[in-house]
Amino acid sequence: MFNIKNIKKNKLALIGPNNLKYTYGDILVKSKEINSYLEKNSLILIVCKNTVESIVGYISFLDNNHITIIMDHSFKEEYVNKIINLYKPHYIYSDKFFFKQNSFNEKIFSYINFNLYKTSFKKKLKSNNKNYILLSTSGTTQNPKFVRLSKSNIRNNTKDIRKYLKINENHTAITTMPMGYSYGLSIINTHLYAKAKILVNELTIFEKNFWKKIKKYKITSLNGVPQFYEYLMRLKIDNFSINEIKYFTQAGGKLSQNIISYFSSICKKNKSKFFIMYGQTEASPRMSYLDPRKIDIKKESIGKPIRGTVFKIFDKRNKIIKKAFSEGELIFEGKNVSLGYANNFNDLNKGDVNKGKLFTGDIVYKDKDNYYFIIGRKNRFSKIFGIRVNLDDIEKKLKEKNYIVKCLTNSQFLEIRVQNKDYNFDEIKNIIKDYTGINKNFISIEKVQNLNSLFKLKNYIK
């Protein structure tokens, strides 16, 4: 995937804590060492974290053609154990402090703060060799469904992103999003593929040392979901030293127009660029971007599809809509469309089910200039500040606690409706926060006369 053996061995790749530097040569040596402990064609589960050892392990698994299940350190241990039992990986690679009760057979290797465990699952892996990476669709709601991605899916999307962002070996990225989610992982992929540098960071933007690192290492890009940009605006990022930043990228949900205007103004002043992007894990993950030169006149748009891919709009009869300003479901076609889904170990035997076509579930229209605009959702998945949630899963979880509710969303807030019940609203918010990670400030609860009357609200299509 990354072809590290053909990169100059002394080329700097990762900058870790305490200014420790790791070259591509260092990664190659450690990658080979990790792989020496693994049997061929193994199924490996990695609990990712924004650390050097996590990234190096990830590279080792991918470059040696194992199937890798990727989960994030933010996921609950209970959920990770559920996935382990469903998928039966041969090896597990995680922070040594992640599992409070280790039921695995043996620890066979350690690297800094990560351990490699060999499990007791003996079942031989009968898999389709097209399967390469498994990524969670909705880990926050503990749904075991994963997206199956091929090496070709990842490579094609990585190459296309690198091209339109013009990432080169002189660039330096900083990790600002969880590695176990598709967007954060994509940042790592594109920079490693471009032979660039990555500052491996676990600090938040509210810590002074984060901004000291931005300045010291001359970071060339910042990447985040809507909440990230909302916080940057509150912090008045234009007062920080950001002269080296060449571009900003945003995905994972819709930004408000005032935030777009704010960053557009900053970029004009600093001669940098602001890329608004659209994607889904099922597309490896990015599908489109808005040309920064059009940002002021197409603020609401997700732009146009990336090179070599196609957007189509289908009506309810699955007929293509060609007329401007006519609404329908967005269909995406490209080499980065995933193979399909997996729900357990046996699904790894499946091949390419999607055949390069993805029904996104987003309701859109295009204008006369062929720029696309999202106006709602067809199904019950939604992204709130980059957190992808299944509304049915949330309703089911609350029902287990004897709360009968209806979930709605406008892409910036999770709206809960209850039917004339004296429920404990604060407890409901706490349950959702613990279950999904959504900040309680972005959960709204209201009483209604009849839950069954809720349908087709603005920005929500049932």
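This is a conversation about a predicted model of one protein chain.

Visitor: What's the overall make-up in helices and strands?
Guide: In this predicted model, the chain has ten helices and 26 strands. Its radius of gyration is 22 Å, close to the 23 Å that the globule rule gives for 462 residues, so the chain is as compact as a globular protein of that length.

Visitor: What box do the C-alpha atoms fill?
Guide: Taken along the principal axes, the C-alpha atoms fill a box of roughly 60 × 50 × 45 Å.

Visitor: And how much of the chain is buried?
Guide: Buried residues account for 57% of the 462 residues. As for the surface, the chain exposes about 21200 Å², and carbon and sulfur atoms supply 47% of that area.

Visitor: What share of the contacts comes from residues 24 or more positions apart?
Guide: Among the contacts with a separation of 6 or more, 68% are between residues 24 or more positions apart.

Visitor: What about charges, how far apart are the mean positions?
Guide: The chain has 83 positive and 40 negative charges, and the mean positions of these two sets are 6 Å apart.

Visitor: Let's move to helix α7. Why is it described as largely enclosed?
Guide: Helix α7 covers residues 226-234, and seven of its nine residues are buried, so the helix is largely enclosed by the rest of the structure. The cut-off that matters for this reasoning is that a residue is buried when its relative accessible area is under 20%.

Visitor: Which of its residues are the buried ones?
Guide: The buried residues of α7 are P226, Q227, F228, Y229, E230, Y231 and L232.

Visitor: What covers them?
Guide: The cover includes two helices, α6 (208-216) and α8 (257-270), together with the strands β12 (221-224), β13 (247-250) and β14 (273-279).

Visitor: And what follows α7?
Guide: The helix is followed by K236, whose phi is positive, near 60°.

Visitor: Where is K218, and what is its phi?
Guide: K218 sits in the loop between α6 and β12, and its phi is near 55°, a positive value in a residue other than glycine. With a relative accessible area of 48%, K218 is partly exposed.

Visitor: Going on to the loop between β14 and β15, what is the phi of S284?
Guide: S284, which is placed in that loop between β14 and β15, has a positive phi of about 75° although it is not a glycine.

Visitor: Is S284 buried or exposed?
Guide: S284 is buried, with a relative accessible area of 8%.

Visitor: What about the peptide bond from S284 to P285, cis or trans?
Guide: That peptide bond, from S284 to P285, is cis, with omega near 5°. P285 is also found in the loop between β14 and β15, the latter strand being residues 286-290.

Visitor: Back to α8, which was part of the cover. What does Q257 touch?
Guide: Q257 is found in helix α8, and, leaving aside residues up to four places away in sequence, Q257 touches K299 and E300. The C-alpha atoms of Q257 and E300 are 7.5 Å apart in space, while the two residues are 43 residues apart in sequence. At 43% relative accessibility, Q257 counts as partly exposed.

Visitor: How far is N258 from K299?
Guide: N258, also in helix α8, is 9.7 Å from K299 in space, C-alpha to C-alpha, with their positions 41 residues apart in sequence as the separation. N258 counts as partly exposed, at 46% relative accessibility.

Visitor: Changing topic, where is K30 and what does it touch?
Guide: K30 belongs to helix α1, residues 24-35. Not counting residues up to four places away in sequence, K30 touches V56, F109 and Y111.

Visitor: So is K30 buried or exposed?
Guide: K30 counts as buried, at 19% relative accessibility, where the cut-off for buried is under 20%.

Visitor: Last one: what does the side chain of E415 make a polar contact with?
Guide: The side chain of E415 makes a polar contact with the side chain of R417, at 2.8 Å. E415 lies in strand β25, residues 414-419, and at 18% relative accessibility E415 counts as buried.

Conventions: Residues are numbered from 1 along each chain as its sequence is written. This is a predicted model: local features need pLDDT of at least 70, side-chain atom pairs count only at pLDDT 80 or more; totals for chains, interfaces and linings use all residues. Side-chain values use heavy atoms; hydrogens and water are left out. Buried means under 20% relative accessible area, exposed over 50%, partly exposed in between (1.4 Å probe, protein chains only). Helices (H or I, at least four residues) and strands (E, at least two) are DSSP runs, numbered from the N terminus. Contact means heavy atoms within 4.5 Å. The radius of gyration is taken over C-alpha atoms; the globule rule is 2.2 Å times the number of residues to the power 0.38. Accessible areas come from the Shrake-Rupley method with a 1.4 Å probe; for residues, only the protein chains shown count as cover. Lys and Arg count as positive and Asp and Glu as negative; His and the chain ends are not counted. The place of a charge is taken as NZ of Lys, CZ of Arg, CG of Asp or CD of Glu. A polar contact is a pair of N or O atoms within 3.5 Å; within protein, one must be able to donate a hydrogen and the other to accept it, and residues adjacent in sequence count only if both atoms are side-chain atoms.
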